[in-house]
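Here are a few exercises to work through with the coordinates open beside you. Try each task before you read its solution.

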Amino acid sequence: MTATLRHARYVLSENPVTAFAFALFFLLALCAALGPALAPFDPLASDTAEALTGPSAAHWFGTDQLGRDILSRIVVATRLDLGIAVTSVALAFGIGTLVGLAAGYCGGWIDRIVGRAVDTIMAFPLFVLAMGIVAALGNNVANIVYATAIINLPIYARLSRSEANVRRNAGFVEAARLCGNGEARIVLAQLLPNIMPLMMVQVSLTLGYAILNAAGLSFIGLGVRPPTAEWGIMVAEGASFIVSGEWWVAFFPGIVLMAAVFCFNLMGDGLRDIVDPQRRT
Amino acid sequence: MIVLRRLATALPVIAGVIVVTFLLTRALPGDPAVYFAGPAATTQAIEEIRHRLGFDRTLPVQFLDYLQRLEHGDLGTSLTTGQPVTTELLTRLPASAELMLLALFLSVAIAVPLGIAAAMRPGSPVDHVCRIVTTAGVSLPTFFTGLLLVYVFYYLLGVAPAPLGRLDVFDSAPPQHSGFYLIDSLLAGDFETFRAALGQLVLPGATMAIFTLAPLARITRAAMLGALGSEFIRTARASGLARHRIVFVYAFRNAVLPVITTLGMVFSFMLGANVLVEKVFAWPGLGSYAVEALIASDYAPVQGFVLMMALLYVLLNLVIDLVYGLVDPRVRVEA
Amino acid sequence: MRRRDFLKRTAAAAGTAATAGYVFPARAQSHKDTLLTLSEGGPNNLDVMGVGTNRPGYEASWNTYDRLVTYGVKKDADGNDHYDSAKIAPELAESWDLGDMSVTFKLRKDAKFHDGTPVTTKDVKWSFDRAMTIGGAPTFQFAAGSMQKPEQFVTVDDYTFRIDFLRKDKLTMPDLTVPSAVVINSELAKKHATDKDPWAMDWLKNNEAGGGAFRVEKWTPGQELIYQRFDEWKSGPVPKIQRVIWRIVPSAGNRRALIERGDADISVDLPPKDVAEMANDKKLTVVGSLIESALIYLSMNVKIPPFDNVKVRQAVAYAIPYQKIMDAAMFGRGKPMFGSPGEVTTTEWPQPTPYVTDLAKAKQLLAEAGLPGGFETTLSFDLGYAVTQEPLCVLVQESLAQIGIKVTLNKVPGANWRAEFSKKTLPLLANVFGAWLDFPEYFFYWNYHGQNSLFNDMSYQNPAMDKLIDAARFETDPKKYDEEVEGFITIAFTDVPRIPVFQPWLDVAMQKNVTGYRYWFHRQLDYRQLAKT
């Protein structure tokens, strides 16, 4: 454990960009945890007299078209966006990895069915599939999470399947079998921990993609319902004010969204460096 | 032989896509019968229209009917535009294809050199800048990037042409051969139209390219690093070959393989970004068509679009596999 | 090293500049005789009588087909051209003789369709019979003017056309000016009719067979529509614009950018905020016309508790943040429909209600209704109008929360909206209605009458109200008429199944060199009067 930490510290010191990404992630997590407590104003309170005022001492990030404080909305949205990202990725990872492991380890018809199902999902233009699911089921947070989870499932399934395939007849697996471990136990206790590092990398990349997905859905009109504060919908709504010069309505949520996704992507790279020296990129 | 075998494995996937799309579109809210019946229609009139259009039959019956029509290449008619879906898809396909291919070209032209440069000096500021720039590109929502580009280059600087679609209002399309304005205008020797079409393509193409820089650059860098660290490169270096020869002639050729495989993934990334970019730039392609139809709960275009995309995807993977087989002699030997 | 780098960098910069110059060619000058108009969506059908034809389809039809008569023109308060609902003017018909139970039209003899065929009464008869027979919107529209049977239309001779009345209805003549009352080239249409499609619905969807001032040169659905002037148009002064290009640009921000940069000439559906700013800037001409007989409102379904209790409805009416909505959603580009001083004393419609934002009164009324703790409900609105409806609904939601009513917002995509609200299952919704014919009884007939039409989204059925509406529709005594109209308006305000919020404006932005804009009741652009100096 300490060896990993030492190695982690080494990698971070070598790579200031990765260190920055981790620091940013902790900041975001803090925001999400503390949430509304940090917001200076009520994120839902409108004040039309103060609508569309630029960044000032009272409103650091300015106000939107209904006079709501943008900084407060961004802070409160952190919880929602990270929540959407983490939940959907957890679902995709959980189901996808288990299914993929089973397919790769057992082979045979399970492998074939899983393979076909995964291929079918991947044959759809994924964003359109997400749009379709949300449009059919209704646009609320739960459905956005489900839709994002479904379109990200195949990546995990494929990855874990190929990894399980490679390690199926490895030494440690044989040893475990000899010890009398059941198949399920081998998959969960032996294979899963082995591929965890690789999956962690993928998880951090998918986290970023989940947030962008929600933003794209908001732009089409299938995102979260108003007046919920969510980075993506704030950017989508603010986009129409760019031309008229109220750049801050879209800019600040956009920067924060970009920072979060950026941070997840860089963390993915960094994690790859930490956990698997062979695959260092 | 390989082609046939791959196509055979693709069939169940296509079947799955057809079924899922059918069910999904039937689950969409909205009642086309009410839409057709028009304003001030009585419930009786609506029921009549529902019967006339066949929406009162059970799902399995409707599905069989859909399959039958599919056999004849009839993808139905769009509610919102009133045109047959097949015609619309075929008319709009070149618009989207031209945009995506140009974006892919731009993306490769920027990402690959960046990746190589980063690989040649790992850990240096160049490497970090490459990582930051490409990751930044993929971290912004595509529609936001598009709108920003329009704002800066069209509205503020006046450098780019108006985001009015494939051609400016006062230009007319070149005589149709491939549907790709760039190719058709060159075939007709019309350089003015070529310039005009290219001008309209740059901003939306750049928007999509920015989004796909990251995966390409990352893979190029990783592949180059792997290739540069391998034994045969060490031998070449020891033998005293010139630096750029080693990098470009030997290392790059070997590194290009994973890049080709990634192109498939990048292309499907683009299909997703396509929808948003086309909306921003009023691009008359498949993406904007599908989005409008989906929002309007217009079954036929959505089903047709997804089917076409799935077919394209299968075809693309096939092409990539074949190219891979051509480029990598090891694959050929094994097969 | 440094010099080499410098040279490399300048070469790169020069190269980029040169490529940019090559790739982005110089802008062509906007042509004087061509007009470029932009909008968010385009026509889905060139036939105004088509199934499910949308509003942009009406615009295409208005400019490419003629009607028997049209309205004259007057100046509004700002000096802009406005159609004159009091003056019926000739279009295809040169003159007419309005009798007691019939009207006889004399068609002009030199009118031709676009393909050169002369326009005669057989075309009028075919077109009007078509409207009667195909059902749907055109049939209902004609019925609103008491034109309900094909036998009412009589061709006396090639250029004389008579319409017999079923009853005396002041709406009959105005009903002939509406977009649906077009005259189609029957010979051309019949050539494309089939046994299964005797009225050529399929062919007329994608092809126009009219005799209007413009002809369709090219239509790419969802992208653009190009019109060419019909130089032999005789039903009015020949238009000054020779070619009109109508481009679809879904992004409102881009539409604004295009107009402001001078790359487009005119646009109708820009958001109120942008219009308000452009009006202030004075770089463009902005014309805002009050849309008669139109209202943006909140409807409560009186069959769904607790909205079946009039006190609850009144409480909601007192809890609407009217002024905030005018400021933040409309940017002042609408006429407030709240805060009238007292009783209903005119037959003007729409007119303001006596309700104002008074949260204390709202809470009191809720308590009287037996719901002091409030309740939960859903507020639905049309995503297609989200630019104004969304801020409106968010503000309403916030205000209602202060009196204990917890509201969840429900965005319904545009194409599903009509289906949704016509099901009459929505408890609370924000909606808009605009009538083509500017008569209060006409508005009330569609919206408040117990016949429970599609537009009566409150499911309101009050026999007392119906009696007054039915009487007013055919009332000939002006004094009784005033009483009846004021009567049903009063009931509408006290019972308040629907809360009017404001009367919308139609905002049009155009380049300074575009003149001749005329506001029409159908809220679409009429290219025939436009010119570019």
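**Warm-up: chain B**

Buried residues, meaning those under 20% relative accessible area (over 50% is exposed, in between is partly exposed; 1.4 Å probe, protein chains only), make up 55% of the 335 residues in chain B. This is a predicted model, in which local features need pLDDT of at least 70 and side-chain atom pairs count only at pLDDT 80 or more, while totals for chains, interfaces and linings use all residues. Residues are numbered from 1 along each chain as its sequence is written, chains are lettered from A and ligands numbered from 1 in the order in which they are written, and side-chain values use heavy atoms, with hydrogens and water left out.

**Exercise 1.** Find how many helices and strands chain B has.

*Solution.* Take helices as DSSP runs of H or I with at least four residues, and strands as runs of E with at least two, numbered from the N terminus. Chain B then has 14 helices and 0 strands. Next, fit a box along the principal axes: the C-alpha atoms of chain B fill roughly 85 × 55 × 40 Å.

**Exercise 2.** Describe the interface between chain B and chain C.

*Solution.* Start with contacts (heavy atoms within 4.5 Å): 42 residues of chain B meet 44 residues of chain C. Now turn to buried area, the accessible area (1.4 Å probe) that two parts lose on being put together, summed over both. For chain B and chain C it is about 3,900 Å², with carbon and sulfur atoms giving 63%. On the side of chain B that touches chain C, α2 (32-37), α7 (142-156), α9 (191-228) and α11 (243-280) each supply at least two residues. The largest share, 6 residues, comes from α9(B).

Finally, look for salt bridges (a side-chain nitrogen of Lys or Arg within 4 Å of a carboxyl oxygen of Asp or Glu); the rule finds 0 across this interface.

**Exercise 3.** Classify the ring pair C:Tyr448 and C:Tyr460, and say whether each residue is buried or exposed.

*Solution.* Rings of Phe, Tyr and Trp (its six-membered ring) pair if their centres lie within 6.5 Å; planes under 30 degrees apart are stacked, over 60 edge-to-face and the rest tilted. A search of the whole structure finds 48 aromatic pairs over all chains. In this one, the centres are 6.3 Å apart and the planes stand at 90°, so the pair is edge-to-face. C:Tyr448 is buried, at 1% relative accessible area, and C:Tyr460 counts as buried at 4%.
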